Amino acid sequence: MTREEGGFFGRLAVGLAATGITCLRFDLRAHGVSGGRQEDVTIAGIANDIRAASDHLSEHTGRPGPVHVLAASFSGGAAALHAGTRPGDVAKLVLLNPRMNYQDRFVTEAAGWAGDYLTPGRAAKLDERGFSVRQPFQTGRALLNEVFHLDPEKLCAGVQSPVLILHGTKDTFVDIELSRGFRPLFGGGAELYELDGAQHGFAVHDDPAYADPQSQAWQAEVIAKVSAFLAA
């Protein structure tokens, strides 16, 4: 995923701009045109990038104070970490089909682990290559160690800003049951908006370019909901 996301994030920015909201989109480190190596990515590092982007936006617009933060998929937990540790910096938080539990994704659901330890074969490959298999990108030692210390329930509880979660009911990358379970845990309260039948990214199955009319209709619905939430 990049800051374009097949054109969806650009359309979202245009929709928000129509309500008077100034937007800044950026690629995660080691993604899109951002520098860095995927194996060096950490959740805390992404949270720091969100902080830096927020500060830059405030400086650029000449409007100090908290900003809205919108994060999708993998960056959802990092955005919650930022909002929970720096509550004065975040006005409202929007999470699109968010990944909140990183240990489940990178350890529990992944091959090559026995309990909380890498199997000898997988550990040897990590030593040899310096990163683990793509899941969804080349992950290094720092992130694999970090996930054991990020409690998703505490991440949610620390967020005091109003939260809007949007999730497709047919998401096969991040199960909607995760958002349903985490919704009541947010410290400042959260609304979950479900899109019936939508896959990850609010699209029909196997439509990466979001060309299908149904994908575009779902994404237009998301844009309208997010715009209304942030403008309220």
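Which residues does A190 touch, not counting residues up to four places away in sequence? Select A190 to find out. This is a predicted model. A190 touches V163, I165 and R183.

**Stop 1: A190 and strand 6**

Keep A190 selected and show the secondary structure. A190 lies in strand 6, residues 190-195. A190 has a relative accessible area of 17%, under the 20% limit, so it counts as buried. Now add T119. The two residues are 71 apart along the chain, and their C-alpha atoms are separated by 39 Å.

**Stop 2: the nonpolar cores**

Select F74, L93, L95 and F186. These residues have the most contacts inside the largest nonpolar core, which has 40 residues. Colour helix 3, residues 76-85, next. Helix 3 gives the most to this core, with five residues.

Then hide everything but L12, A72, L195 and W218. They are included in a second, separate core of 21 residues. In soluble globular proteins, nonpolar side chains tend to be buried together.

Go back to the largest core and centre on L95. Leave aside its neighbours within four places in sequence. L95 then contacts A71, G76, A79 and M100, with V163, L164, I165, L166 and F186 completing the list. V163 and I165 were met at the first stop, as residues that A190 touches.

**Stop 3: helix 3 from the inside**

Select helix 3 alone. Is it enclosed or open? Eight of its 10 residues are buried, so helix 3 is largely enclosed by the rest of the structure. The buried ones are G76, G77, A78, A79, A80, L81, H82 and A83.

Now bring back the surroundings. The cover over these buried residues includes three helices: helix 2 (43-61), helix 4 (102-108) and helix 7 (152-157). It also includes strand 1 (67-72) and strand 2 (90-96).

**Stop 4: the loop leading into helix 3**

Step back to the loop between strand 1 and helix 3. S73 sits there, and so does S75.

Take S73 and check its backbone. Its phi is near 55 degrees, a positive value in a residue other than glycine. Most residues other than glycine have a negative phi, and most peptide bonds are trans. S73 is buried, with a relative accessible area of 13%.

Move on to S75. It counts as buried at 10% relative accessibility. Beyond its neighbours within four places in sequence, S75 is in contact with L28, I46 and Y102.

**Stop 5: P98**

Jump to the loop between strand 2 and helix 4, where P98 is found. P98 is buried, with a relative accessible area of 3%. Show its contacts, leaving out neighbours within four places in sequence. They are S73, G76, I165, L166, H167, V174 and S179. S73 is the positive-phi residue of the previous stop.

Then select S215 with P98. Their C-alpha atoms are separated by 18 Å, and the two residues are 117 apart along the chain.

**Stop 6: F202**

Which loop holds F202? Look in the loop between strand 6 and helix 9. F202 has a positive phi of about 60 degrees, although it is not a glycine. F202 is buried, with a relative accessible area of 1%.

**Stop 7: helix 1 against helix 9**

Select helix 1 (residues 8-17) and helix 9 (residues 213-231). They pack at an angle of about 40 degrees, with their axes 9 Å apart. That makes helix 1 oblique to helix 9. The crossing is right-handed.

Show side chains at the interface. Helix 1 supplies F8, R11, L12, G15 and L16. They meet Q219, V222, I223, V226, S227 and L230 in helix 9. L12 was seen earlier in the second core.

Now look at helix 1 on its own terms. Seven of its 10 residues are buried, so helix 1 is largely enclosed by the rest of the structure. Those residues are F8, F9, G10, L12, A13, G15 and L16. Their cover includes strand 1 and strand 2 as well as helix 9.

**Stop 8: cysteines**

Finish with C23 and C156. C23 is partly exposed, with a relative accessible area of 32%. C156 is buried, with a relative accessible area of 0%. How many disulfides does the model have? The count comes to zero, with a disulfide taken as a pair of cysteine sulfur atoms within 2.5 Å.

Methods: Residues are numbered from 1 along each chain as its sequence is written. This is a predicted model: local features need pLDDT of at least 70, side-chain atom pairs count only at pLDDT 80 or more; totals for chains, interfaces and linings use all residues. Side-chain values use heavy atoms; hydrogens and water are left out. Buried means under 20% relative accessible area, exposed over 50%, partly exposed in between (1.4 Å probe, protein chains only). Helices (H or I, at least four residues) and strands (E, at least two) are DSSP runs, numbered from the N terminus. Contact means heavy atoms within 4.5 Å. A nonpolar core is a set of buried Ala, Val, Leu, Ile, Met, Phe, Trp, Tyr and Cys residues joined through side-chain atoms within 4.5 Å. Axes are lines fitted to C-alpha atoms, for helices over the stretch in contact, and angles run from 0 to 180 degrees between N-to-C directions. Angles under 35 degrees count as roughly parallel, over 145 as roughly antiparallel, 65 to 115 as roughly perpendicular and the rest as oblique. A crossing is left-handed if the near helix is turned anticlockwise from the far one by less than a right angle, and right-handed if clockwise.
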